[in-house]
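This briefing goes through one structure by topic. The sequence and the coordinates come first, and the notes follow.

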There are 6 protein chains.
Amino acid sequence: GRRFFSASHEEIAAGLTTDVYFIKTRETLRAEGVAEAHVVAEIFPREDGVFAGLPEVEALLRGRGVKLWALPEGSNFAAREVVARIEGPYDRFGLYETPILGFLASSSGWATAARRARLAAGGKPVFCFGARHVHPAVAPVMERAALVGGAQGAACILAAKLAGQEPVGTVPHALFLILGDTVQGARAYHRVMPPEEPRTILVDTYKDEAEESLRVAEALGDALAGVRLDTPGERGGVTPDLVRELRARLDQAGHRNVTVFVSGGLTPERLSALAEAGADAFGVGSYISSAAPIDMTMDLKEVAGKPRTKRGRIPGRTPNPRLVEVL
Amino acid sequence: GRRFFSASHEEIAAGLTTDVYFIKTRETLRAEGVAEAHVVAEIFPREDGVFAGLPEVEALLRGRGVKLWALPEGSNFAAREVVARIEGPYDRFGLYETPILGFLASSSGWATAARRARLAAGGKPVFCFGARHVHPAVAPVMERAALVGGAQGAACILAAKLAGQEPVGTVPHALFLILGDTVQGARAYHRVMPPEEPRTILVDTYKDEAEESLRVAEALGDALAGVRLDTPGERGGVTPDLVRELRARLDQAGHRNVTVFVSGGLTPERLSALAEAGADAFGVGSYISSAAPIDMTMDLKEVAGKPRTKRGRIPGRTPNPRLVEVL
Amino acid sequence: GRRFFSASHEEIAAGLTTDVYFIKTRETLRAEGVAEAHVVAEIFPREDGVFAGLPEVEALLRGRGVKLWALPEGSNFAAREVVARIEGPYDRFGLYETPILGFLASSSGWATAARRARLAAGGKPVFCFGARHVHPAVAPVMERAALVGGAQGAACILAAKLAGQEPVGTVPHALFLILGDTVQGARAYHRVMPPEEPRTILVDTYKDEAEESLRVAEALGDALAGVRLDTPGERGGVTPDLVRELRARLDQAGHRNVTVFVSGGLTPERLSALAEAGADAFGVGSYISSAAPIDMTMDLKEVAGKPRTKRGRIPGRTPNPRLVEVL
Amino acid sequence: GRRFFSASHEEIAAGLTTDVYFIKTRETLRAEGVAEAHVVAEIFPREDGVFAGLPEVEALLRGRGVKLWALPEGSNFAAREVVARIEGPYDRFGLYETPILGFLASSSGWATAARRARLAAGGKPVFCFGARHVHPAVAPVMERAALVGGAQGAACILAAKLAGQEPVGTVPHALFLILGDTVQGARAYHRVMPPEEPRTILVDTYKDEAEESLRVAEALGDALAGVRLDTPGERGGVTPDLVRELRARLDQAGHRNVTVFVSGGLTPERLSALAEAGADAFGVGSYISSAAPIDMTMDLKEVAGKPRTKRGRIPGRTPNPRLVEVL
Amino acid sequence: GRRFFSASHEEIAAGLTTDVYFIKTRETLRAEGVAEAHVVAEIFPREDGVFAGLPEVEALLRGRGVKLWALPEGSNFAAREVVARIEGPYDRFGLYETPILGFLASSSGWATAARRARLAAGGKPVFCFGARHVHPAVAPVMERAALVGGAQGAACILAAKLAGQEPVGTVPHALFLILGDTVQGARAYHRVMPPEEPRTILVDTYKDEAEESLRVAEALGDALAGVRLDTPGERGGVTPDLVRELRARLDQAGHRNVTVFVSGGLTPERLSALAEAGADAFGVGSYISSAAPIDMTMDLKEVAGKPRTKRGRIPGRTPNPRLVEVL
Amino acid sequence: GRRFFSASHEEIAAGLTTDVYFIKTRETLRAEGVAEAHVVAEIFPREDGVFAGLPEVEALLRGRGVKLWALPEGSNFAAREVVARIEGPYDRFGLYETPILGFLASSSGWATAARRARLAAGGKPVFCFGARHVHPAVAPVMERAALVGGAQGAACILAAKLAGQEPVGTVPHALFLILGDTVQGARAYHRVMPPEEPRTILVDTYKDEAEESLRVAEALGDALAGVRLDTPGERGGVTPDLVRELRARLDQAGHRNVTVFVSGGLTPERLSALAEAGADAFGVGSYISSAAPIDMTMDLKEVAGKPRTKRGRIPGRTPNPRLVEVL
Ligand SMILES: [Zn+2]
Ligand SMILES: [Zn+2]
Ligand SMILES: [Zn+2]
Ligand SMILES: [Zn+2]
Ligand SMILES: [Zn+2]
Ligand SMILES: [Zn+2]
Ligand SMILES: [Zn+2]
Ligand SMILES: [Zn+2]
Ligand SMILES: [Zn+2]
Ligand SMILES: [Zn+2]
Ligand SMILES: [Zn+2]
Ligand SMILES: [Zn+2]
């Protein structure tokens, strides 16, 4: 039996995740003897955003005898701009319309959100902590897209590996809940971690965040890299004033090098206010992971060398000098 | 080399899609000798919705020596209601917090949207056509969740297989664009399809939808099951008035049995109005596929038999008689 | 018996359309021997707008022994600006307050709307097609006022004649409905019309507008001047995207000289968007014809050489150097 | 030369106020030999309202060899309900589409506003004082329509005559401005008017309305029927509190039978509040006269006995049992 | 020299806080010999509210030879209802219009706010803590009015004395800031206070509120009556979730009798939510103290036995059976 | 017995208007032997405004052995800016926190409103007429604060005296109601007043304001300084148009030197419009008197020479170079 519902790479490549009507179309066109008609197809998005997902499209089409042009991975695009063009016999790629659009729609949605988060944070580092909100099969896809869009690092192990980075993470509430005290947890963590790993300790589990931060700073001394604030909404969340107060209290106690890392329900509005209040870095989860895919549409624009398309679209190739030859 | 970025079933089961801080927690707790502490963890959602994703959680935890209680797959849940409880030594499942929450958050988001679509359609059949908006690795997960939530069928081949159904689909614009005429395409399709397959023909590619519907109905006669309207937004989309007019014209021409299937940017508001105007069935795409995951949170509530949790939560188990023993 | 309820020119000149209290006033003042009191009356509008209707006021007052100053026909005016002044014995004009105000209020309302439509269309020609929304007795008044305000032409035969123009019009849906096909109707029209009459054919009666436009362009060749889009709201109305697509398809087929004329529910917002999308000319109906009259008020400001007026107004003449002597 | 721009009854009957494209259609159809095609045309409104204007349509079509069904004059109608149907050879009535729709659109707009004013006034009498806002050629049409909708009387002499009533009116500011005092004006008016004419005196020209009312009541004694309040907006308009105070002061001084008549910028909201405060009757001007015409559309629905119509409409006759045979 | 700017009781009684134009009026009327004219004056409010301040009006008018009727102290009143009537020679009270209205306007404003707070709290006790927002001369007036309106007690020493109560208060942040620890402060306070004084300790000065509450409960044992939450806005304020969590943690630790007292920026909306979450009592400050005075107007309604009043009011006494004879 | 509820100067100085918990704090700290701890306290407002009330704070603290720094009386301040700092042994001033904050909060609220009124009036004189809305004990405090904020004069006798000015006032409606006619009242007032007192007569008691103004101007001739408009809301209030008309009528009658003074429900929006329309001066009541106190907070920031404060605030002195040494 199958353990999980997600599709394997082989199933994707075999076309099993496509909409069944493309199978029916293939059968019909083959019976009519026109399945190999030479066509030009173009893909355009419905909104502005950041282009991502191209390597998977390329992997899917490589070796199938079609040409592919596209914007470079990570480019900004405008609503309705043509972001990719495929040319070749229809039978070589028609079946893959569903996964091609899916690769681009989902990764572009995540990359766009990550770029907006980064801009809102005024360029301070943003880390993607959204894996817990998406199916694990796409957690690495999502975090890779966030890195394309501008995230500094990712928490998911596989995503970091795909990007040739080390995964980024501190410690969860569970560590302190099991050990029963934040300072005791911080000391245990400090003993175990290799020296090069920065010590950033979560300080909102049991006590007032400012009090706990000072306790941890005293306990770890110069070894402490930062503190993480993740105050839940039930307690008012992390406010800009809390960041300002914590920064001042750390400084007054001589801990000027201890950074303040904030996580928990961060949106562009909150990122701006918290960055302005002195927070140093951010873990962004659902703002990135819940970003809606950016709807992509593929249209045939030429058939057998003639402009032809459906009602509502303009026949023929749409010139876009930003497209680059990929295949 | 790896072709796609999505995680395989083996990578998921090996914990490679989890956030790295759970690895660090495991190492720290093991060094402290408390990794096997007996804990109770509870999962709750942030909004109302429909519960889905449980079979994958069960598959992940089976055989790991923990107990699991949960709502039955497909149940409605309220914001902050406990939907699942895990009990056992922390080391047996702590690492999997990220994928467990991801399974539930993503599938519950999609199931919830599907249920809302079905209700808006007044119980008329809704088919999930959203695969093109999501990464192909999760297309079957998404469509399966939509079936749990109330969709009648799915277009994605693998999703239908997982649900023991036949995939559902008509024909895309591409078929008619290559063949050059809708009636010619309809005839070709009719010749090729097996007899039991219903003939539902897309009628907005070239001509006025009403005119094309009548041409197709004349051409296929009693063999025609339905017509599909997918008029693009550039042409005003499918309006309730168009459905009313088309229904009347089909009836006047004696095609009372031809059904009207609508797709394209359907939301609950539009589903209600179109169902009321006489549409018979619907293909819903981005409303389901773009549904945000429903944020799920896992909290430790007991450690070593004692109520304990973090600030902002109430320590101890939260009674919920709706939970059913799963493992 | 009388066929219609509208007043004839003679009835208007005889004061039969005035409010009866002016008759009672005349009787009372005559009995008191003061009916010939020398007075100054001023007229002001309640909103900004375009001044129209003066020739009818002049015709009514000519030969009655009063002086008249006014803004030139077609001037812009500001709210509360004095737009006309009458001086003379009260008995010579007091009875006509109702029709004087009515001439100015109604024509200024229509002229103002026409000017706004013209500005919204970015200077492209706007034709007044609103006669069907007003009583036929005032249809020529309305369309003449629209010409004063900036419309390029009018559809109503009598209005055009009053303005020394040819009436403007293409062909209605009825022609094609009776002949049963748009191309057949276009050919019949082409045969009958004199050579100097431009052929602009309505293309939304039966078929998709783009398809029909190309059929008509093929059928009439160089003789075709333009196509008219009047798609009803039930089919989404005329969208800017439809204009863009139609323009592109006409151009690709070599019909670059065929213009696109749009009608149907046009407002300033839609005029701007459609002009920007490439439409060449517009037929504007209810936006002009339904324009509310611009409320005009006449106040006595001097009686027997002394400043006198009612509570709420400032006694005496209001200086306005823009007024020109008319009578 | 022509004095005014409005069309005479003869010009209307001769089709000179129609849109020119109906002339062109007639010529084309005659050349094709199908001008006498037997057709069914239906007329429907775009909004809810009160049906008016039918007698003029009947006068125009009588004797032309067509059948006419319609709602009874003064009926309520719903948006999109068929309000009239014409059947016969197209050439007999096609030319008159413009004036037919214009009769109905304009009178129905005015009748609808009058009915709303009457309802807002809680059934107290409302008089139409709007002639000064419309072209004098349609002043009697407008006031007649207001009477159909529910107005109690009209100020325009010709309108009242058409309705077989006496015109209604009090006295304007001009009377008092020329005579120099309200009491002096009231006395003069009282001397001149025939005994059966009710004396209602305007009391806001010079003095505080309550003070002036009491002066007039003392001067005219039992002869005084009512006072009219028409306080201009510059002085705060007529407020419900002013009506209450005036009523109390009249009663305290023993003038219980003197009624309070209000005019000036009355809308349904103000009518409700003033009626509730004790005002007895109302003169309504621009709310009725500025009412937008209710857009009416005529569609061919059958040609030569077959259902046929344009895109966006449903072919064939629309059943409506409320229609009554007129011709 | 004078230390403070507030008026003494003697200055008030001497008329020194009145508007100077009443002095001028007195001089003018005396010179005319009509200062002793017998008049009836009535007082009405501009909004709904709770009537308070009557004892001070009574004290001011007693012995001056006038009659006084009023609503009973603490009554609800409606906008424009007559709440008091004074009858007698004008010279005996005319000078005091300013202080009479001031007594009633200010106390009624505060009493009204207190009643709204009490209703929002669902009947749980509300204490007035607003003295710090008003001038000390009126702090006792304000808190007395709050007691009239429904507050359970007051913090201001003098106000409690005026009401024959003990003042209510716990301990401020300053106590703990000087002693350096909340538990140490609580113990000191416990040693000093007399046994009958309930111990309610402020728990948000240094530590997490739940942690501090449990420390204090352990330290004082059964002697602890309650804890006070006053979390500042910079830390998210007191949320309903914090109250729920604190209640649960106190109960789990066996401190079921310890009550939860909330203060800090409480409005009716927050009072409702916090009462519903389990808070037991409330300290309300600026919502009561910043309540705008309820504007009171005094009008002469009779002079020398005849109805007479100014424009805008109805002459003569306004019947109100709820008025009670006071003087 | 006590006549009024307000506190005397002696009661304020004795600490009787303070919140009782400061008494309990004193007892506790004395018992602990730390009552004389050296502390620094700072006061900050919650909103922007104008600083007032300092002389009363100074009077309260003088001679108590503490240092005081503050902004100068009448300064603008920003939200959260430190406006005052007190340093010394806690026992010397801790008890007075309630009255200190009350002095500043209430006077700053009134001064801020007065400044806004003055700015809205474009610098034309604004007089404070709000005494009738506040308790008489604080009427002089309020009007003095208004003078600090920018009012030109005050109506309350005691307030004017405190400011070394003459109180400002014209005549109330009562004068004219008792005398029965405005002109008669104006003549009586003119006979009695000393020559240097300007004659400003209230003109809305009985008659139309413009008519009454002209009657009064004729009666008093050059002796008339101004007229006051105070038209009640029941009659539409004072509108800018009324001011314009009155100005014009006075000028036309040769009374160019008669000023127009407006009172009654004036807000910044109305002040701007009326000043622009030509009003010369204004009496502002409830806009100033109902201004909410500006919430002031006092925090300990140092104890025994060390930065220390409560959660939510930043420990230690906040630098503010605008503070000036007072004590
Ligand atoms: Zn957290
Ligand atoms: Zn999250
Ligand atoms: Zn489509
Ligand atoms: Zn889609
Ligand atoms: Zn049309
Ligand atoms: Zn129209
Ligand atoms: Zn008037
Ligand atoms: Zn009017
Ligand atoms: Zn606090
Ligand atoms: Zn407060
Ligand atoms: Zn007044
Ligand atoms: Zn006031």
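By what turn and what shift along the axis can chain A be laid on chain F? A turn of 120 degrees with a shift of 0.1 Å along the axis does it, at an RMSD of 0.1 Å. The model is a predicted one.

**Relations between chains**

- The turn of 120 degrees that lays chain A on chain F is the relation of a three-fold axis.
- In chain A, A:Glu269 has the C-alpha nearest that axis, at 19 Å from it.
- Chain F is superposed on chain E by a rotation of 180 degrees, with 0.0 Å of shift along the axis and an RMSD of 0.0 Å.
- This second operation is the relation of a two-fold axis.
- F:Ser8 holds the C-alpha of chain F nearest the two-fold axis, 3.0 Å from it.
- Chains E and F meet through the same surface, because 100% of the interface residues of chain F are also interface residues in chain E.

**Chain A as a whole**

- Chain A has 327 residues, and 67% of them are buried.
- Its secondary structure consists of 12 helices and 14 strands.
- Along the principal axes, the C-alpha atoms of chain A fill a box of roughly 80 × 45 × 35 Å.
- Of the contacts in chain A with a separation of 6 or more, 70% join residues 24 or more positions apart.
- The exposed area of chain A is about 10,500 Å², of which carbon and sulfur atoms supply 51%.
- Chain A carries 39 positive and 40 negative charges, and the mean positions of these two sets are 4 Å apart.

**Helix H5 of chain A**

- Helix H5 spans residues 139-149 of chain A and is mostly covered, with 10 of its 11 residues buried.
- Among the buried residues of H5(A) are the charged pair A:Glu143 and A:Arg144, along with A:Pro140, A:Met142 and A:Leu147.
- A:Gly150 follows H5(A) and has a positive phi, near 135 degrees.

**Zinc sites in chains E and F**

- Which protein atoms are the donors of the zinc ion that is ligand 9? They are NE2 of E:His173 and OD of E:Asp230, lying 1.8 to 1.9 Å from the ion.
- E:His173 is in helix H7 (residues 173-179) of chain E, whereas E:Asp230 is in the loop between strand E9 (224-229) and helix H10 (240-252) of that chain.
- The two donors of ligand 9 thus link distant parts of chain E, 57 residues apart.
- E:His173 has a relative accessible area of 11% and E:Asp230 one of 16%; buried means under 20%, so E:His173 and E:Asp230 both count as buried.
- The zinc ion that is ligand 11 is coordinated by F:His173 (NE2) and F:Asp230 (OD), at 1.7 to 2.0 Å.
- F:His173 lies in helix H7 of chain F and F:Asp230 in the loop between strand E9 and helix H10, so this pair ties together parts 57 residues apart in sequence.
- Both F:His173 and F:Asp230 are buried.

**Two charged residues of chain B**

- B:Glu32 is in helix H2 (residues 20-32) of chain B and is partly exposed, at 25% relative accessibility.
- Beyond its sequence neighbours up to four places away, B:Glu32 touches A:Leu179, A:Ala188 and A:Arg191.
- B:Glu32 and B:Arg322 are 290 residues apart in sequence, with 37 Å between their C-alpha atoms.
- B:Arg249 is found in helix H10 (residues 240-252) of chain B and is buried, with a relative accessible area of 16%.
- Leaving out residues up to four places away in sequence, B:Arg249 touches B:Ala210 and B:Leu214 in chain B, and D:Thr309, D:Lys310, D:Arg311, D:Arg313 and D:Pro315 in chain D.

**Positive phi at Ala304**

- Most residues other than glycine have a negative phi.
- A:Ala304 is not a glycine, yet its phi is positive, about 55 degrees.
- A:Ala304 sits in the loop between strand E12 (296-303) and strand E13 (306-307) of chain A, and is exposed at a relative accessible area of 56%.
- F:Ala304 also has a positive phi, near 50 degrees.
- In chain F the residue F:Ala304 is in the loop between strands E12 and E13, and its 57% relative accessibility counts as exposed.

How values were computed. Residues are numbered from 1 along each chain as its sequence is written. Chains are lettered from A and ligands numbered from 1 in the order in which they are written. This is a predicted model: local features need pLDDT of at least 70, side-chain atom pairs count only at pLDDT 80 or more; totals for chains, interfaces and linings use all residues. Side-chain values use heavy atoms; hydrogens and water are left out. Helices (H or I, at least four residues) and strands (E, at least two) are DSSP runs, numbered from the N terminus. Buried means under 20% relative accessible area, exposed over 50%, partly exposed in between (1.4 Å probe, protein chains only). Contact means heavy atoms within 4.5 Å. Accessible areas come from the Shrake-Rupley method with a 1.4 Å probe; for residues, only the protein chains shown count as cover. Lys and Arg count as positive and Asp and Glu as negative; His and the chain ends are not counted. The place of a charge is taken as NZ of Lys, CZ of Arg, CG of Asp or CD of Glu. Copies are superposed by least squares on the C-alpha atoms of residues with pLDDT of at least 70 in both. Donors are N, O and S atoms within 2.8 Å of the metal (3.2 Å for Na, K and Ca); water is not among the atoms, so sites may look incomplete.
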